[in-house]
Amino acid sequence: MNSITILDDLVSRYPILNDNKSEILVATECIYNAFASGKKILVAGNGGSAADAEHIVGELMKSFVIRNRVVEPSIEAMLLEKYGDDGSELAKKLEGALPAIPLTGFIGLATAFANDVDPQVSFAQQVYGLGHEGDIFLAISTSGNSRNLINALMVADAKGLVTIGLTGRNGGMFNNYCHYLIHAPEDETYKIQELHLPIYHTICLMLEFEFFGG
């Protein structure tokens, strides 16, 4: 299995996404290049898109479809050397991970910043503190107009991150702030969200096969 067959499978199940193939492939290549260079991805969204952000990170940080995402040999050897049988058993249970952080998960920081400063700048603050040049910032918004995400995109761009938006047909203000966009071809929020899931599953699947497919 490779990226082309994975994309073809997506379109066979969701023909409405045929025109999005190039957008999905370009976004995946950007994320692949970041991971291959030792960088990470930050992901954020609001409401249902916050749940999607957490979901994406879960697929990247542990096995998704491939069940033998083994730990790096150097880490396995070090665990064995330092901790003997306990280290060896631990290494067998670890899985190969692609470094991803959901900005939706920092509830203490987010609420403190919202209370003390401005809730619309909470994601931007996290991007400022966690993001580095060459990292990816993936912003998910069905409208493309979420102010807290736009603020985060601005900071990401200023810090040299690559910005990717996952949005709806129109794209909203994301069109002006994202380096790359995937436009799910629907207009109603729930219909856009219904397409976001197979899109990001496909991205995660392509990345998994590129890094762990053997």
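A salt bridge is taken here as a side-chain nitrogen of Lys or Arg within 4 Å of a carboxyl oxygen of Asp or Glu. By this rule, seven salt bridges are counted. The structure is a predicted model. Three of the pairs are described below, followed by the aromatic pairs, the helix H6 and two surface sites.

Aspartate 8 and lysine 21 meet through their side chains in a salt bridge, with an N to O distance of 2.9 Å. Aspartate 8 belongs to helix H1 (residues 3-13) and lysine 21 to helix H2 (residues 21-36), so the bridge ties together parts that lie 13 residues apart in sequence. Both ends are partly exposed. For aspartate 8 the relative accessible area is 37%. For lysine 21 the relative accessibility is 25%, and the residue therefore counts as partly exposed.

A second salt bridge joins the side chains of lysine 40 and aspartate 135, at 2.6 Å from N to O. Lysine 40 sits in the loop between H2 and E1, and aspartate 135 in the loop between H6 and E3, so this pair ties together parts 95 residues apart in sequence. Lysine 40 and aspartate 135 are both buried. Each thus has under 20% relative accessible area.

Arginine 169 and aspartate 187 form a further salt bridge, and their closest N and O atoms are 3.2 Å apart. This pair links distant parts of the chain, 18 residues apart. Arginine 169 is in the loop between strand E4 (162-167) and helix H8 (174-177). Aspartate 187 is in the loop between strand E5 (180-183) and helix H9 (189-212). Arginine 169 is partly exposed, at a relative accessible area of 43%. Aspartate 187 has a relative accessibility of 55% and so counts as exposed. The cut-off for that class is over 50%.

Aromatic contacts were searched for across the whole structure, and two pairs were found. In one of them, the ring centres of tyrosine 32 and phenylalanine 211 are 4.8 Å apart and the ring planes stand at 35 degrees, so the pair is classed as tilted. Tyrosine 32 lies in helix H2 and phenylalanine 211 in helix H9, so the pair ties together parts 179 residues apart in sequence. Tyrosine 32 is partly exposed, with a relative accessible area of 30%. Phenylalanine 211 also counts as partly exposed, at 28% relative accessibility. Phenylalanine 211 makes an edge-to-face pair with phenylalanine 35, at 6.1 Å centre to centre and 75 degrees between the planes. Here too, distant parts of the chain are linked: phenylalanine 35 is in helix H2 and phenylalanine 211 in helix H9, 176 residues apart. Phenylalanine 35 has 9% relative accessibility and therefore counts as buried. Through these ring pairs, Tyr32, Phe35 and Phe211 are linked into a cluster.

Helix H6 spans residues 122-130. Its buried residues are Ser122, Phe123, Ala124, Gln126 and Val127. The cover over them includes two strands, E1 (41-45) and E3 (136-140), and two helices, H5 (107-116) and H7 (147-158). Glutamine 126 was examined further. This residue of helix H6 has a relative accessible area of 2% and is therefore buried. The glutamine 126 side chain reaches the backbone oxygen of leucine 103 at 3.3 Å. Leucine 103 is also one of the residues in contact with glutamine 126 once neighbours within four places in sequence are set aside. The others are Phe106, Leu109, Ala110 and Gly131.

At the surface, Ile75, Leu90 and Leu94 make a nonpolar patch of about 240 Å². Leucine 94 is located in the loop between helix H4 (73-93) and strand E2 (100-102). This leucine 94 is partly exposed, with a relative accessible area of 36%. Glutamate 72 lies in the loop between helix H3 (48-61) and H4. With a relative accessible area of 54%, glutamate 72 is exposed. The C-alpha atoms of glutamate 72 and alanine 97 are separated by 9.7 Å, although the two residues are 25 apart along the chain.

Conventions:
Residues numbered from 1 in each chain as written. Predicted model: local features only at pLDDT ≥ 70, side-chain atom pairs only at ≥ 80, totals over all residues. Heavy atoms only, no water. Patch = residues over 30% accessible without salt bridge, like charges linked within 9 Å, V, L, I, M, F, W, Y side chains within 5 Å. Areas by Shrake-Rupley, 256 points an atom, 1.4 Å probe, with all protein chains shown as cover. Helix = DSSP H or I, 4+ residues; strand = E, 2+ residues; numbered from the N terminus. Buried < 20%, exposed > 50% of the residue type's maximum accessible area, 1.4 Å probe, protein only. Contact = heavy atoms within 4.5 Å. Polar contact = N/O pair within 3.5 Å; in protein donor to acceptor, adjacent residues only side chain to side chain. Phe/Tyr/Trp six-rings, centres within 6.5 Å; stacked < 30°, edge-to-face > 60°.
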